[in-house]
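Biologist: Hi! Could you pull up the model so we can go through it together?
Modeller: Sure, here it comes.

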Amino acid sequence: MRAFARRVPQLLHLAVPPSSPSPPHPLLTTFAGLCQRGAFSDAIAAMASLDALGLSADSISYSNLIKLCVRHRAVEQGRLVHLHLTSGCRAPELFLCNSLMGMYVRFGLIDEARQVFDAMPVRNVVSWTTMISALTNLKLDEEALRLLNSMQREGIAPNMYTFSSVLRACPTSASLRSIHGCILKHGLESDAFVRSSLIDVYSKFGDLDYGYRIFNETATPDLVVWNSLIGCFAQGGDGYMAINLFTQMKKAGFFADQSTLTSVLRACTGMVLLEMGRQVHVHVLKYNRDLILSNALLDMYCKCGDLEEAHEVFCRMPEKDVISWSTMISGLAQHGRSSDALTLFESMKVFGPKPNHITILGVLFACSHAGLLEDGWLYFRSMRQLWDIEPGREHYGCMVDLLGRAGKLDEAVKFIADMNFEPDIVIWRTLLGACRVHKNANLAAYAANQVLRLEPEDEGSHILLSNIYADSHQWTEAEQVRMSMRDRRVKKEPGRSWIELGKIIHVFVAGDMSHPQADGIAKELSKLLRRTTTLGYIPDTDFVLHDVGEEQKEESLRYHSEKLAIAFGVMNSSGVKPIRIMKNLRICGDCHAFAKLVAKSERVTIIIRDHVRFHHFKDGVCSCGDYW
DNA sequence: GTAGGGTTAG
């Protein structure tokens, strides 16, 4: 055997005359050079010549050319390369098929990518992953999961690339746990990409603690893993934790990038921390071309009450998208600047992007809060015609608000009855609010009962209903409502107001006098009550339960959290900057009247943000025009 | 040739 093997070369030498291998066709050499150098259009032209001569080049050149198509976003040329590779019934090799799929995915041509995928005689993990991640990006979750199963059935093991993208397609936390199990089985749980996805998806299912646990098990989290966690807390409503983690991240030696800053701004927005938001703004400056970050900054200024700065940010944005416009329009509307909001919307129609359903919500909000009945109807009706936007539940809610505030209660009821869907609690609460403003007791009782049917523990509706009965001397009914409250142990979410002073947040809870300066605040409050009384302030006891004596009612109004905050704000006011107060609940009518008069008597501007909108109090009037 | 994190309302 050994002797034979030694003889083979000699035999070959005899059979084939000695000659050097034939040189490649010069066009092939040229083509390879063009593809390598990135001479895109010349390479495409050379490919056409190859076609004419029936020549095929090497895979590396084709791979380079596909990359060039992607870089030049040249869809048609990409298709030509595809055609060239399959001409003469050739099947491109696996590696090139994957490249072609990737190209189509980047072009957003999922169907064409799928055709390449389906035609492949052999597929590897890259082929499957390219398809799966394209599907998850398009939110075609079911199909993505189906492909994950198929690939496993065909004996192809998913890798970390596959899992990091397919995790986002989990429809339930049960399916997430099942895929998490697969990840552990394949030993891929320590991959940073897989981890950040796991943290993200567990948090999206509301399990922030589990996300945090995965984070804590990460020996060396990278920036994206930090960002995942910070983002999850910021979005999940725990802004304090988000900011805390941000501090820890900096201590661990990482620098915040656009994503970190966006999440931190969102946390500031959620907690209404204007001063902290301003500090973050300094770091945002170097990323002024980042649209998402700029939008977050804009929103922070709107929601934290500095509309001038928000407008400044908006004007300076080199590029604006539909979110930028919508945020600014809603911001103006929430600050009571309805006509500015509508003017901006008109200019958006001319210079801006196509409005979406959220833009229209801001516009309708502006109309309803300024009593612009006709405009509201016009915008509502034009949604379908002009922008092909189907009005959703929220738009109907805005219209009920618009009609209700304008005192057209009968029309509002008819509008609700004509809706295509069942009215939800938001609609009934809206109608109830309008009934309270326009003092329609019968309809209010009806609306309140609808709210309580859907949400039996709604405190505001209980109080309102009880007061309506008490005012019309229906004592039995009033007593029944109060008993129902006791039985259900309806608990009021305590009213909380807060002021950011320096770097300290001073929180005031209704009736709580535990603040270190409580004595001073009580004295200031008494002084303010005296001064405003001379200007005509009369405690409005509609906002407390009518089952106590008048004196007690006044006493309970006196220590509403926003009154404590106003007193504290006036004590610490320089008289130049506005006093900014944030409140977790809606401002009460009595405190609203009080704030107007304090602004007048103390010559200060008070800005109170309740959970719906902003009130700017100045010279005895409020920007909401008492219409909120 | 395949992968992870951030923005508007509710």
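Biologist: Let's start with C398: buried or exposed?
Modeller: C398 counts as buried, with a relative accessibility of 12%. Keep in mind that this is a predicted model.

Biologist: Okay, and which cysteine sulfur is closest to the one in C398?
Modeller: That would be the sulfur of C367, at 9.1 Å. A disulfide needs two cysteine sulfur atoms within 2.5 Å, so C398 and C367 are too far apart for a bond.

Biologist: How many disulfides turn up in the whole structure, then?
Modeller: Zero, after a search of the whole structure. C232 is in no disulfide either, and its nearest cysteine sulfur, in C170, is 14 Å away.

Biologist: What about C232, is that one buried or exposed?
Modeller: Buried, with a relative accessible area of 7%.

Biologist: Switching to the DNA now. Which residues come nearest to DNA strand B?
Modeller: There are 48 residues around DNA strand B, and N98, R168, N227, R266 and N295 come nearest. Of the strand's atoms within 4 Å of the protein, 44% belong to sugar and phosphate.

Biologist: What does R266 reach with its side chain?
Modeller: An N or O atom in the R266 side chain is 2.3 Å from a phosphate oxygen of DNA strand B.

Biologist: And which side chains come up at base nitrogens?
Modeller: N124 is one of them, with a side-chain N or O atom 2.6 Å from a base nitrogen of DNA strand B. D257 also has a side-chain N or O atom 2.6 Å from a base nitrogen of that strand.

Biologist: Nice! What classes of residue make up the surface near DNA strand B?
Modeller: That surface has 23 polar, 13 charged and twelve nonpolar residues.

Conventions
Residues numbered from 1 in each chain as written. Chains lettered and ligands numbered in written order. Predicted model: local features only at pLDDT ≥ 70, side-chain atom pairs only at ≥ 80, totals over all residues. Heavy atoms only, no water. Buried < 20%, exposed > 50% of the residue type's maximum accessible area, 1.4 Å probe, protein only. Near = heavy atom within 4 Å. Polar contact = N/O pair within 3.5 Å; in protein donor to acceptor, adjacent residues only side chain to side chain. Nonpolar A, V, L, I, M, F, W, Y, C, P; charged D, E, K, R; others polar.
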